[in-house]
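Visitor: I'd love a close look at one small part of this model, with its surroundings explained. Could you walk me through it?

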Amino acid sequence: AAPPSAGAVEDQAGAAGRPRPRGRAPRRPSGRERHDEKITVYVSAEELMDLEHTRLVLRGEHGLAVDRGRIVREAIAVVLADLEQRGEASILVRRLRGR
């Protein structure tokens, strides 16, 4: 099965009845806008090729012309929403623990 979209994960978090921390809006990627903050992330050649392949699949098969940064921001939003919703059972915790 395909991983849930950021919106689906957010919707599930609300449906589960788990309260959000006060003052926190649902996680949404920033999308296409000017960004003032920057981080540097080093990736392997294979990871970069996978990211570029994903960009091309999104464009060719789904009609979505997005850049690699947008894909990364979407992925971050999905993973952080899953962590907030599922905690210990989240995909991030499981992967970081090697499970």
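Guide: Happy to! Let's begin with Ser90, which is buried, its relative accessible area being 0% (buried means under 20% relative accessible area, exposed over 50%, and partly exposed in between, with a 1.4 Å probe and protein chains only). Before going on, please keep in mind that this is a predicted model, in which local features need pLDDT of at least 70, side-chain atom pairs count only at pLDDT 80 or more, and totals for chains, interfaces and linings use all residues. Residues are numbered from 1 along each chain as its sequence is written, and side-chain values use heavy atoms, with hydrogens and water left out.

Ser90 sits in the loop between H3 and H4 (helices are DSSP runs of H or I with at least four residues, strands are runs of E with at least two, and both are numbered from the N terminus). A polar atom of the Ser90 side chain lies 2.9 Å from the backbone oxygen of Gly87. That is a polar contact: a pair of N or O atoms within 3.5 Å, where within protein one must be able to donate a hydrogen and the other to accept it, and residues adjacent in sequence count only if both atoms are side-chain atoms. If neighbours within four places in sequence are set aside, Ser90 is in contact with Asp82 and Leu83 (contact means heavy atoms within 4.5 Å).

Follow Asp82 next. Asp82 counts as buried, at 9% relative accessibility, and forms a salt bridge with Arg86, with 3.6 Å between the closest N and O atoms. A salt bridge here is a side-chain nitrogen of Lys or Arg within 4 Å of a carboxyl oxygen of Asp or Glu. Asp82 and Arg86 are separated by about one helical turn because they are 4 residues apart in helix H3 (residues 68-86). Arg86 counts as partly exposed, at 37% relative accessibility.

Leu83 leads us to Val93, which is found in helix H4 (residues 91-96). These two are 10 residues apart in sequence and 7.5 Å apart in space, C-alpha to C-alpha. Not counting residues up to four places away in sequence, Val93 touches Leu83, Gly87 and Glu88. With 18% relative accessibility, Val93 counts as buried.

Glu88 brings in another charged pair: its side chain meets that of Arg97 in a salt bridge (2.0 Å, N to O). Arg97 counts as partly exposed, at 47% relative accessibility. Elsewhere, Glu52, Arg55 and Arg68 are joined into one network by salt bridges that share partners. Within that network, Arg55 and Glu52 meet at 2.5 Å, N to O, and both lie in helix H2 (residues 45-62), 3 residues apart, about one turn of the helix. The structure holds 6 salt bridges in total.

Stepping back, the protein chain has 4 helices and 0 strands. Buried residues, Ser90 among them, make up 14% of the 99 residues in the chain.

A word on confidence: the chain averages a pLDDT of 81, and 68% of the residues score at least 70 (pLDDT is the predictor's confidence in each residue, from 0 to 100). Over residues 5-19, pLDDT stays under 50. Where pLDDT is low, the predicted coordinates should not be read in detail.
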